[in-house]
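Biologist: Could you walk me through one part of this model in close detail? Please start at a single residue and work outward to whatever surrounds that part of the chain.

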Amino acid sequence: MTPTITPAAPPGQDICWVPVPSGVCLFGDRGRPITVRALEWTRTPITPAQLGAGVSTAPMTGVSQPEAAEIARRLGGRLPRSVEWEYAASGPGRRTFPWGEAAPEAGLANLRGGPGTTTEVGSHPDGATPEGLLDMAGNCWEWTSSPVLGDGFILRGASYASPGLYAKCTFLNAAPAELASAGIGFRVVRET
């Protein structure tokens with residue numbers, strides 16, 4: 001069920017949008033070049049507090065892909081495609097991790113070995129991309145709009161329960177569209 005967005009907290013009221021310029025994503029492990037358009041991204045995964053659905057500033061999780069897509073639409077955007085997500089995370093220089101080449105550690109991302117649950121978004125500022133996107137690796141997997149065979153969608157970004165390897169910008173995961181997991185959230189993009 002899609003969470004209710006209350007009129008008292010206008011959708012997107014305290015959402016920070018970060019511009020990411022267009023460019024060519026060298027997509028996947030094979031580095032296939034794909035042009036990606038300029039988009040504005042939510043700085044972090046969406047939280048219940050940003051939707052007026054509670055006070056939590058941890059990522060909103062437990063929503064299926066269709067529910068996440070509907071919330072994104074209500075916020076004036078959409079879920080990113082997998083290639084768009086990878087380009088925003090890795091940049092034109094094709095960083096290994098959103099923050100660069102350093103191996104994952106506790107100060108960079110909320111991954112396995114950390115608190116064992118989601119944490120407040122933006123708690124790992126040293127793990128930001130150069131554009132300022134936070135939590136692109138760790139905390140929660142993020143739904144994309146890119147389908148896979150069957151009834152599923154690609155997930156990106158790794159969660160609090162993921163090993164460091166999963167934080168690589170090229171790492172892909174997938175889940176059934178209707179899965180509502182405590183480890184899966186989403187962020188929103190909009191056209192510029």
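Modeller: Gladly! Let's start at threonine 119, which touches Thr57, Ala58, Pro59, Asn110, His124 and Asn139 once residues up to four places away in sequence are set aside. With Asn110 there is also a polar contact, side chain to side chain, at 3.5 Å. Please keep in mind that this is a predicted model. The average pLDDT of the chain is 93, and 93% of the residues score at least 70. Residues 1–9 are another matter: pLDDT stays under 50 there, and the model has 18 contacts beyond four places in sequence for that stretch.

Threonine 119 sits in the loop between α2 and β5, and those two elements give us the rest of the tour.

Take helix α2 (residues 82–90). Nine of its nine residues are buried, so the helix is largely enclosed by the rest of the structure. The buried set holds charged and polar names as well as nonpolar ones, including Ser82, Glu84, Glu86 and Ser90 alongside Val83, Trp85 and Tyr87. What does the covering? The elements over the buried residues of α2 include β1 (17–20), β2 (23–27), β3 (32–36), β4 (39–42), β5 and β6. Just after the helix comes glycine 91, with a positive phi near 70°.

β5 and β6 belong to an open sheet of four strands in the order β7-β6-β5-β8, with mixed pairing. The edges are taken by β7 and β8; each has a single partner strand, so one side of each is left without a neighbour in the sheet. α2 packs on this sheet, touching β5 and β6, and the helix direction makes about 0° with that of β6.

Now for the strands themselves. β5 (residues 141–148) and β6 run antiparallel and are joined by four bridges. They form a hairpin with three residues between them, and glycine 150 in the turn has a positive phi of about 90°. Valine 148 has glycine 152 of β6 as its bridge partner, while glutamate 142 stands opposite arginine 156 in β6. On the other side, β6 pairs with β7 (residues 173–176), again in the antiparallel sense and over four bridges. Glycine 152 turns up here too, with proline 176 of β7 as its bridge partner. As for β6 (residues 152–156), five of its five residues are buried, which leaves the strand mostly covered.

β1 and β4, also among the elements covering α2, lead to a second sheet. This open sheet has three strands in the order β1-β4-β9, paired antiparallel. β1 and β9 (189–191) are at the edges with a single partner strand each, so each has one side without a neighbour in the sheet. From one strand to the next, the twist averages 30°. β4 and β9 run antiparallel with three bridges joining them, and tryptophan 41 has valine 189 in β9 as its bridge partner. α2 packs on this sheet as well, touching β1 and β4, with its direction at about 80° to that of β4.

Just before β9 there is a residue worth a stop. Valine 188 lies in the loop between β8 (184–185) and β9. Is valine 188 buried or exposed? Its relative accessibility is 0%, so valine 188 counts as buried. Leaving out residues up to four places away in sequence, valine 188 touches Trp17, Glu40, Trp41, Thr42, Ile46, Ala72, Leu75, Gly77 and Arg78. Glutamate 142 of the hairpin is 46 residues away from valine 188 in sequence, yet the C-alpha to C-alpha distance is 9.8 Å.

Valine 188 also brings us to the packing. The largest nonpolar core has 28 residues, and those touching the most other members are Ile46, Leu75, Trp99, Trp143, Phe186 and Val188. At least two residues of this core come from each of α1 (65–74), β5 and β6. α1 gives the most, with three. Another core lies apart from this one; it has 17 residues, among them Ile34, Val83, Trp85 and Leu133. Val83 and Trp85 bring us back to α2, where both are buried.

Notes. Residues are numbered from 1 along each chain as its sequence is written. Side-chain values use heavy atoms; hydrogens and water are left out. Buried means under 20% relative accessible area, exposed over 50%, partly exposed in between (1.4 Å probe, protein chains only). Two strands pair if DSSP finds at least two bridges between them. A nonpolar core is a set of buried Ala, Val, Leu, Ile, Met, Phe, Trp, Tyr and Cys residues joined through side-chain atoms within 4.5 Å. Contact means heavy atoms within 4.5 Å. Axes are lines fitted to C-alpha atoms, for helices over the stretch in contact, and angles run from 0 to 180 degrees between N-to-C directions. pLDDT is the predictor's confidence in each residue, from 0 to 100. A polar contact is a pair of N or O atoms within 3.5 Å; within protein, one must be able to donate a hydrogen and the other to accept it, and residues adjacent in sequence count only if both atoms are side-chain atoms.
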